[in-house]
Amino acid sequence: MNQYIKSLKDENKLNISIDKSRSFEWIYNKIAGPCSVEGESIIEIANQIKQCGANALRAGAYKPCTYPILKETNGWKEGLRKKGLELLKEAKKQSGLPIVTEVMDASMIEQVGEVADVFQIGTRNFQNYTLLDELGKCNTPVLLKRGTWGTIDEILGACERILVGGNENIAICLRGVVGMPSYRHVFNSIRWAPDLMMIPALKELTNIPIIFDPSHSTGYRNFVPSMSKAAIAAGADGLIIEAHPTPDKSISDAAQAINYKTLKEIFHG
Ligand code: PEP
Ligand code: MN
């Protein structure tokens with residue numbers, strides 16, 4: 001490792017995540033779909049995003065929101081939950097696309113695992129160690145979203161939690177970090193800063209695949225195409241993008257959702 005990098009190796013630590021002789025397999029590099037499963041529409045969305053070039057469908061059946069949502073609207077209350085999982089199952093059957101969906105808690109692994117081809121760990125659970133430890137015991141691939149506060153050590157440490165359990169099917173998802181107040185006066189949907197430099201920084205240390213999320217990173221759909229290109233140029237191994245047939249009508253994360261045409265341009269461009 002080069003002289004400018006403070007050694008992360010420590011006798012008391014395993015540091016298997018930074019063992020560069022270790023390689024990782026990851027086939028889900030064009031992931032797209034709505035923020036949440038909104039209803040039966042997810043089946044047609046799956047077919048459409050496949051046409052746009054996606055090789056996996058993303059959508060949350062369980063959606064942890066910043067504030068607790070108490071009121072249920074058409075069955076949606078922080079997701080369609082169980083019903084959302086059933087709809088994802090049907091979307092997968094009809095489109096053939098693998099499913100990337102969030103598991104919020106260790107107690108939900110079995111239930112979500114009946115549908116998920118990839119467990120998404122949300123930013124809020126990035127350091128939920130009981131969850132990470134349990135996912136280490138599974139064979140199902142895990143897409144670990146960086147906590148909005150996550151340092152490079154914390155990213156690698158969280159990966160290692162899963163790796164030590166024996167699950168080597170992991171990828172890191174960079175989804176924006178705290179620290180973008182200068183934009184909010186004008187672009188009020190922007191909440192996070194895309195930390196593109198974390199891509200080459202992680203690449204210096206680890207072979208764990210990196211998936212960039214331009215949707216949550218920017219919070220604003222017009223910035224999604226350019227940040228997608230920038231992330232690939234910086235060395236990202238894939239993208240996870242929020243797309244919706246009528247983006248402004250998305251139940252959650254509407255401002256960052258893109259339409260099919262833009263999605264196709266990103267995936268084919
Ligand atoms: C999401 O992918 O819709 C999501 C909730 O992401 P994050 O956990 O990064 O906020
Ligand atoms: Mn979202």
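Which side chain meets that of Glu-168 in a salt bridge? In this predicted model, the partner is Arg-22, with 2.9 Å between N and O. The two residues come from distant parts of the chain, 146 residues apart. Glu-168 sits in the loop between α5 (152-164) and β6 (170-174), while Arg-22 belongs to the segment before β1 (30-33). Glu-168 is partly exposed, its relative accessible area being 37%. This contact is a good place to start, and the structure holds 12 salt bridges.

A second pair takes the reader to two strands. Here Glu-242 forms a salt bridge with Arg-58, and their closest N and O atoms are 3.3 Å apart. Because Glu-242 lies in strand β8 (residues 238-242) and Arg-58 in strand β2 (residues 56-58), the pair ties together parts that are 184 residues apart in sequence. Are these partners buried or exposed? Glu-242 is buried, with a relative accessible area of 1%, and Arg-58 is buried too, with a value of 2%.

A third pair brings two loops into view. Asp-248 forms a salt bridge with Arg-221, with 3.0 Å between the closest N and O atoms. Asp-248 lies in the loop between β8 and α9 (260-268) and Arg-221 in the loop between α7 (214-218) and α8 (224-233), so this salt bridge ties together parts that are 27 residues apart in sequence. As for accessibility, Asp-248 counts as exposed at 62%, whereas Arg-221, at 22% relative accessibility, counts as partly exposed.

Key
Residues are numbered from 1 along each chain as its sequence is written. Chains are lettered from A and ligands numbered from 1 in the order in which they are written. This is a predicted model: local features need pLDDT of at least 70, side-chain atom pairs count only at pLDDT 80 or more; totals for chains, interfaces and linings use all residues. Side-chain values use heavy atoms; hydrogens and water are left out. A salt bridge is a side-chain nitrogen of Lys or Arg within 4 Å of a carboxyl oxygen of Asp or Glu. Helices (H or I, at least four residues) and strands (E, at least two) are DSSP runs, numbered from the N terminus. Buried means under 20% relative accessible area, exposed over 50%, partly exposed in between (1.4 Å probe, protein chains only).
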